[in-house]
Amino acid sequence: MIEIHNVHKAFGSLKVIRGVDLEIKKGEVLCLIGASGSGKSTLLQCVNGLEPIQQGEIQVDGISVHAKDTNLNKLRQKLGIVFQQYNAFPHLTALENVALAPRVVKRISKAEARALASKHLKHVGLGDKEDVFPSRLSGGQQQRLAIARALAMEPSYMLFDEVTSALDPELVGEVLDTLRMLKSEGMTMVVVTHDIVFARETGDRIAFFKDGRICEVGEAWQVVNAPREEHTRQFLKRVLA
Ligand SMILES: Nc1ncnc2c1ncn2[C@@H]1O[C@H](COP(=O)(O)OP(=O)(O)O)[C@@H](O)[C@H]1O
Ligand SMILES: [Mg+2]
């Protein structure tokens with residue numbers, strides 16, 4: 001479980017997260033929506049311990065992310081994160097890209113890491129691309145490679161930050177299908193997305209972010225079809241227009 005309690009985060013004098021409370025339960029898919037600049041990516045970075053916070057607490061499986069004695073490297077193995085654009089190592093094949101982190105971090109043998117990488121490439125539908133270099137993959141395939149790379153660490157949670165935003169429209173579907181597959185397998189996920197239809201169909205809950213606060217959170221269909229807050233209604237009207 002991921003527990004976010006009264007988190008405040010500022011960059012200098014710019015208050016970006018202003019008192020967020022949120023719980024993500026095991027097996028849940030939570031979609032985060034909201035205008036650009038509202039603090040969604042920053043929140044994910046705080047959950048992953050990449051950004052310090054000024055107030056509040058985030059716990060992942062009971063471990064306090066920002067406590068001084070927390071082993072962040074170990075904690076981050078629980079959290080797979082995939083961004084808008086994935087810069088794979090260009091001189092490594094797809095298989096080598098996926099095998100790299102498990103080999104280094106989990107200290108497993110080269111053969112074990114390659115077997116693990118092979119399994120996860122197959123999982124995201126890239127079983128036939130093991131020996132291909134990233135530059136030869138389409139944008140959608142590169143994003144699936146990024147997902148395989150995160151999965152190879154066998155995380156308990158997956159965090160996705162606008163993973164389809166940089167893709168040509170015809171490549172979005174294959175990446176969203178991969179997220180749907182992970183959901184069907186019971187993966188716990190936090191998905192930052194502009195795709196309201198995807199959020200409604202695939203999210204268990206949706207949290208609408210506005211100016212560093214959660215303006216509204218609820219069951220996915222409710223937030224989209226029957227928002228309680230006027231701000232949510234206005235946002236949806238803009239993005240669905
Ligand atoms: N490293 C940083 N230093 C200073 N300001 C930042 C940094 N990262 C993000 N910001 C600012 O924080 C605000 C929230 O950004 P972000 O979390 O990326 O929003 P979102 O993901 O919702 O678009 C923006 O005003 C952004 O410019
Ligand atoms: Mg962002």
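These legends go with close-up views of a predicted model.

**View 1. Here are the neighbours of ligand 1.** Phe 11, Leu 14, Val 16, Ala 35, Ser 36, Gly 37, Ser 38, Gly 39, Lys 40, Ser 41 and Thr 42 surround ligand 1. Sorted by class, that shell comes out as six polar, four nonpolar and one charged residues. Strand E2 (14-24) and helix H1 (40-47) each put in at least two residues, and H1 gives the most, with three.

**View 2. Now for the polar contacts of ligand 1.** Look for Gly 37, where a backbone N or O atom sits 2.7 Å from an oxygen atom of the ligand. Gly 39 also uses a backbone N or O atom, this one 3.0 Å from a ligand oxygen. With Ser 41 it's the side chain: one of its N or O atoms is 2.8 Å from an oxygen atom of ligand 1. The protein covers 59% of the 560 Å² of accessible area that ligand 1 has on its own.

**View 3. This one shows an open sheet of six strands.** Read across, the order is E6-E7-E8-E3-E9-E10, and the pairing is mixed. Strand E6 (79-82) and strand E10 (213-219) are at the edges with a single partner strand each, so one side of each has no neighbour in the sheet. On average, neighbouring strands are turned by 15° against each other, direction ignored.

**View 4. Here we zoom in on E9, E10 and a helix lying across them.** Strand E9 (residues 205-210) runs antiparallel to E10, and six bridges join the two. To get your bearings, find Ile 206, which stands opposite Gly 218 in E10. Helix H9 (residues 230-240) lies across strand E3 (29-34) as well as E9 and E10, and runs at about 95° to E9.

Note on methods
Residues numbered from 1 in each chain as written. Chains lettered and ligands numbered in written order. Predicted model: local features only at pLDDT ≥ 70, side-chain atom pairs only at ≥ 80, totals over all residues. Heavy atoms only, no water. Near = heavy atom within 4 Å. Polar contact = N/O pair within 3.5 Å; in protein donor to acceptor, adjacent residues only side chain to side chain. Areas by Shrake-Rupley, 256 points an atom, 1.4 Å probe, with all protein chains shown as cover. Helix = DSSP H or I, 4+ residues; strand = E, 2+ residues; numbered from the N terminus. Nonpolar A, V, L, I, M, F, W, Y, C, P; charged D, E, K, R; others polar. Pairing = 2+ DSSP bridges. Axes fitted to C-alpha atoms, helices over the stretch in contact; angles between N-to-C directions. Contact = heavy atoms within 4.5 Å.
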